[in-house]
Amino acid sequence: TGDDVLTENPMDLPYILRSAFDSAYSNQNKKRSAGLVLLDDLDILLEHLAVGAQHSFNSQRMNLLQALLRKEPAPGGRAVVICTGSQLLAQDFSDLAGSFDIVMQVPLIKDRDDVA
């Protein structure tokens with residue numbers, strides 16, 4: 001998750017992301033139908049900062065993530081990439097949102113009653 005990144009060495013993040021994508025994109029495990037990459041709190045991961053109408057982010061992390069999303073799985077491999085973030089993330093990072101087949105907004109789940 002984005003919070004986990006805060007406790008890790010920031011220099012390790014590119015390695016962690018590449019490893020996650022490489023593992024999901026490989027076809028070594030023939031028993032699974034697809035690999036999964038789940039990036040939780042994408043705005044924290046990208047160090048997104050919104051001040052008024054101005055938005056900033058870590059461009060190195062953004063470029064790495066865009067490159068990983070464009071990467072094709074190994075022959076016979078399939079992967080699903082799911083990202084979570086703030087409600088405005090798709091608007092703030094339209095270039096990144098364009099890397100996904102589907103971008104959807106879902107309501108915030110605060111307690112059990114919200115899942116019905």
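Visitor: Which residues of helix 2 are buried?

Guide: Leu13, Leu17, Phe21, Ala24 and Tyr25 are the buried ones in helix 2. Bear in mind that this is a predicted model.

Visitor: How should I read that spacing? Where do they sit around the axis of helix 2?

Guide: Start with the general idea. An α-helix makes a turn every 3.6 residues, so residues three or four places apart point the same way. Now this case. The buried residues of helix 2 span an arc of only 95° around the axis, so they lie on the same side of the helix.

Visitor: What span does helix 2 reach?

Guide: Helix 2 covers residues 13–25, which is 13 residues. From first C-alpha to last it reaches 18 Å, close to the 18 Å expected at 1.5 Å a residue.

Visitor: On to strands. Which residues of strand 1 point to which face?

Guide: Side chains alternate along strand 1. Gly35, Val37 and Leu39 point to one face and are buried. Leu36 and Leu38 point to the other face and are not buried.

Visitor: Is the pairing of strand 1 with strand 4 parallel or antiparallel, and how many bridges does it have?

Guide: Strand 1 and strand 4 (residues 79–83) pair in the parallel sense, over five bridges. Within that theme, leucine 38 stands opposite isoleucine 82 of strand 4.

Visitor: Now backbone angles. Which sign of phi should I expect?

Guide: Most residues other than glycine have a negative phi. Aspartate 41 has a positive phi, near 60°, and is not glycine. Aspartate 41 sits in the loop between strand 1 (35–39) and helix 3 (42–45). Its relative accessible area is 22%, so aspartate 41 is partly exposed.

Visitor: What about phi at glutamate 47?

Guide: Glutamate 47 also is not a glycine, and its phi is positive, about 55°. Glutamate 47 lies in the loop between helix 3 and strand 2 (49–51). With 42% relative accessibility, glutamate 47 counts as partly exposed.

Visitor: Last topic, pockets. How much space lies in the largest pocket, and which residues lie nearest its centre?

Guide: The largest pocket holds about 1200 Å³ of space. Its lining has 34 residues, and Ile82, Cys83, Phe100, Ile102 and Val103 lie nearest the centre.

Visitor: Which element gives the most to that lining?

Guide: Strand 4 gives the most, with five residues. Helix 4 (59–70), helix 5 (89–92) and helix 6 (94–97) each supply at least two residues of the lining.

Visitor: How do the lining residues divide by character?

Guide: The lining of the largest pocket has 22 nonpolar, six polar and six charged residues.

Notes:
Residues numbered from 1 in each chain as written. Predicted model: local features only at pLDDT ≥ 70, side-chain atom pairs only at ≥ 80, totals over all residues. Heavy atoms only, no water. Helix = DSSP H or I, 4+ residues; strand = E, 2+ residues; numbered from the N terminus. Buried < 20%, exposed > 50% of the residue type's maximum accessible area, 1.4 Å probe, protein only. Expected span 1.5 Å × (residues − 1). Arc of directions from axis to C-beta. Pairing = 2+ DSSP bridges. 1 Å grid on protein atoms, 1.4 Å probe; cavity = no way out; pocket = protein on both sides within 12 Å on 5 of 7 lines; lining within 4 Å. Points joined across faces, edges and corners; volume = space filled by probe spheres on them. Nonpolar A, V, L, I, M, F, W, Y, C, P; charged D, E, K, R; others polar.
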